[in-house]
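Here is a friendly walk through a two-chain model, going from whole chains to single residues. Keep the 3D view open as you read.

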Amino acid sequence: MAQELNYVVLTKGVPDFREGKVVFKEDNTLNRAATPTVMNPNDYLALEAALEAKVKYGGTVNIICMGPPPYKKVVQEGMQRYADHLYLLSDAKFAAADTLATAEAIRLAVQKLGGADIIFAGFKTADGETGQTGPQAAWKLGYSLATHVIRYNLNPEAGIFEVTRSIKDELEFVRGPLPAFLVTDPAFKSEYRTATQRLKLQDYREETKKRAYQFEEFLTIWDAAALGADEWKVGIKGSPTIVEAVDPIPRAPSERKARVINGRDRDQLQGVVELILERRA
Amino acid sequence: MAEYRDIWVFCEQRNGRFENVSLEMLGEARRLMDKYNVDYNEQESVVAVVLGHNIEHLVKEALGRGADRVYAADHSELKDIRMQPYTKIIANMSRQKDAHKNYDKPRYFLFPATNNGRDLSSTVLAELESGLASDCNKLYIKETTISHRAKTDGTPRVFYRILHMKRPDFSGYEWSTILCLDSPKMEYSPQACSVIPGSFKPLPFQENSKGEIVRYQFDLAQQDLLVTVTGHEKIPNLMDLTGHDVIVSAGRGIGKNPTEGLRLCIELARLLGGEMGLSRGVCTAKYTVEPAFAQYVTEARQIGETGQTVKPKLYIAVGISGAIQHKKGMDQSEFIVAINTDPMVPIHDFADVFIQGDLFEVLPQMIEQIKTGKKLEVVLSGGKV
């Protein structure tokens with residue numbers, strides 16, 4: 001019997017951009033302090049992909065997240081979807097990391113776990129939108145990389161994965177050896193074909209919801225020392241890039257001269273409707 | 001101290017044709033370097049990197065579009081972009097000294113912000129261990145005085161010849177300036193970024209441009225070829241929005257009540273004989289909508305940089321702020337009407353009519369007026385006959 005498969009899901013805490021939650025400052029820049037932190041919405045798909053692997057091939061699902069102690073809430077949110085174990089990388093030395101320094105912390109954490117057969121990550125985070133950290137961590141670990149994955153299959157005995165990728169107007173079929181780093185596309189969909197799989201799925205979902213109530217029992221917090229991190233390779237000190245400034249984008253000269261209409265004024269709206277009917281023809 | 005020179009540009013190609021962004025980057029690299037060489041009295045070059053199979057014509061095109069030198073890696077195994085061999089070859093090209101290159105690493109490096117280009121920029125820069133900014137649309141080189149906890153121990157210090165990499169955020173309001181700077185312990189080069197397609201203008205093709213061609217010699221190790229592309233399939237275009245005269249697009253403004261927002265947009269689109277489009281924000285928001293409407297929330301309806309580009313007679317943007325990515329997919333529409341509660345949103349600047357108001361109040365009124373207006377129209381035209 002082969003060794004049990006080990007999955008890692010990378011998650012990130014991001015500002016909650018949903019209507020009613022997100023708070024902007026007067027100049028329209030994000031008010032981070034007043035906006036709650038939630039799990040990056042795309043990471044749910046990575047968790048769904050890991051759960052699919054667990055249902056079909058067995059194994060253990062570990063969530064890894066980097067952030068300050070309040071980010072416990074983020075990994076708890078992940079466990080509500082599915083996780084066996086939670087790992088929070090939390091240390092002032094990890095703070096203000098750019099993508100390369102974040103990838104380094106992830107590399108160390110995955111190696112401390114004894115490696116993974118598959119790492120799943122969601123496409124781009126809602127705040128940074130770089131999409132760089134996953135591929136950089138995969139490269140540092142030397143894992144096969146496939147991004148924009150909408151479906152996948154494993155052959156654990158042969159140590160092979162097969163994925164379907166979405167590249168703009170084309171599907172691309174890719175296969176390669178495990179261990180692999182798979183980044184799910186927003187269009188990712190799990191597929192459960194048998195009743196046995198669907199029953200297992202239901203059981204796992206119920207289990208994890210119960211676990212999530214006492215998630216701290218399943219949570220390990222690792223600091224920089226625990227990971228044996230070189231302080232010049234993680235956090236602010238290990239980041240090649242800095243954000244020099246964040247400023248409002250200056251308005252280019254208007255390309256069109258908009259007629260401004262008061263949406264509450266029925267007569268003005270009627271005028272627009274007439275214009276629309278004219279323009280459409 | 002190691003030596004760094006030149007600006008390198010990874011020119012992505014697919015099926016023997018450059019992606020437009022490759023030519024746009026070459027044009028911008030040319031402009032940046034021409035100014036740089038005057039400002040600093042240097043003679044540094046624009047270096048194009050082209051990988052693929054049977055790419056001789058692309059090498060010529062790169063030279064005619066602004067490159068001084070082209071590094072070309074031609075091999076049947078490089079036909080498709082594959083992370084492992086591509087990353088190794090590009091990283092090795094850029095850090096090995098040869099007859100054409102006597103410096104340690106490039107000073108600057110540009111990649112396209114396409115699906116594959118973004119991945120490749122990440123792995124190449126992880127291999128070169130330097131800094132990378134993603135999705136930039138404005139670049140300039142100048143010195144800068146920085147006071148930073150890790151980079152300068154909190155005291156002001158001048159950094160020279162720094163590539164300022166500006167990237168717009170999701171909302172279209174903010175612009176972050178990213179810099180890649182040495183730290184007291186590490187030198188970081190190249191300063192690299194990925195570039196949003198459509199941000200820069202390509203140069204017109206110059207026949208017979210002189211330049212150097214480096215046919216890069218490399219070995220492919222078996223272990224670098226384990227991940228293979230086994231096939232491609234065109235996605236049937238289930239929802240082609242390009243041919244329609246009217247498009248009504250829904251944005252994040254519908255978030256308060258996504259089902260109702262979609263219902264209103266669909267109704268308006270139908271009344272006007274058009275189709276409904278979506279902003280990227282709606283496609284990625286994972287809204288919970290009533291089952292009957294779930295089928296409408298699909299990337300196949302996405303308009304913008306990563307979706308479709310449309311040029312209808314009439315484009316109605318409902319609750320869309322107009323981030324640059326969305327703008328690219330619709331700003332060639334003949335007539336643009338925007339509905340938004342916030343008069344400061346970017347779309348105000350490229351709309352013909354801006355209705356300031358809550359879409360949940362405005363759309364029902366418009367729909368009602370169109371319905372009654374239609375009857376009127378019939379009566380009137382009937383009267384004429």
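## Contacts along chain B

In this predicted model, chain B is tied together by many links between distant parts of its sequence: among contacts between residues at least 6 apart, 65% join residues at least 24 apart. The fold that these contacts belong to is made up of nine helices and 18 strands.

If you turn chain B in your viewer, its C-alpha trace spans about 85 × 50 × 40 Å along the principal axes. Of the 385 residues in the chain, 58% are buried. The exposed surface of chain B comes to about 15,900 Å², with carbon and sulfur atoms supplying 49% of it. As for charge, chain B carries 46 positive and 50 negative side chains, and the centres of these two sets are 1 Å apart.

## A closer look at Q13(B)

Now zoom in on Q13(B), which sits in strand β2 of chain B, a strand covering residues 13-14. Is Q13(B) buried or exposed? Its relative accessible area is 8%, and because the cut-off for buried is under 20%, Q13(B) counts as buried.

The side chain of this glutamine has backbone partners. One of its polar atoms lies 3.0 Å from the backbone nitrogen of G16(B), and a polar atom of the Q13(B) side chain is also found 3.1 Å from the backbone oxygen of L51(B). L51(B) appears again in the list of residues that Q13(B) contacts beyond four places in sequence. That list also includes F18(B) and E19(B), then G52(B), H53(B), I55(B) and L58(B), and finally K79(B).

## Chain A as a whole

Chain A has its own mix of elements, with seven helices and 13 strands. Its C-alpha trace spans about 75 × 50 × 35 Å along the principal axes. Buried residues account for 56% of the 281 residues in chain A.

How much of the contact network in chain A joins residues 24 or more positions apart? Such pairs make up 71% of the contacts with a separation of 6 or more. Chain A exposes about 12,700 Å², and 49% of that area comes from carbon and sulfur atoms. There are 37 positive and 38 negative charges in chain A, and their mean positions lie 3 Å apart.

## V234(A), a buried loop residue

A good place to stop in chain A is V234(A), in the loop that runs between α6 (224-227) and β12 (241-248). V234(A) has a relative accessible area of 1%; since buried means under 20%, this loop residue is buried.

Which residues does V234(A) touch, leaving out those up to four places away in sequence? They are K93(A) and F94(A), A101(A), E104(A) and A105(A), together with A229(A). I106(A) is also worth finding in the view: 128 residues separate I106(A) from V234(A) in sequence, while their C-alpha atoms are 9.9 Å apart in space.

## Where the chains meet

Finally, bring both chains into view. The contact between them takes in 78 residues of chain A and 100 residues of chain B. Together the two chains bury about 8,400 Å², and carbon and sulfur atoms hold 54% of that buried area. On the chain A side, W139(A), I242(A) and R256(A) lose the most area to chain B, together 11% of what that side buries.

Key. Residues numbered from 1 in each chain as written. Chains lettered and ligands numbered in written order. Predicted model: local features only at pLDDT ≥ 70, side-chain atom pairs only at ≥ 80, totals over all residues. Heavy atoms only, no water. Helix = DSSP H or I, 4+ residues; strand = E, 2+ residues; numbered from the N terminus. Buried < 20%, exposed > 50% of the residue type's maximum accessible area, 1.4 Å probe, protein only. Contact = heavy atoms within 4.5 Å. Areas by Shrake-Rupley, 256 points an atom, 1.4 Å probe, with all protein chains shown as cover. Lys, Arg positive; Asp, Glu negative; His and termini not counted. Charge placed at Lys NZ, Arg CZ, Asp CG, Glu CD. Polar contact = N/O pair within 3.5 Å; in protein donor to acceptor, adjacent residues only side chain to side chain. Buried area = accessible area lost by both parts, 1.4 Å probe.
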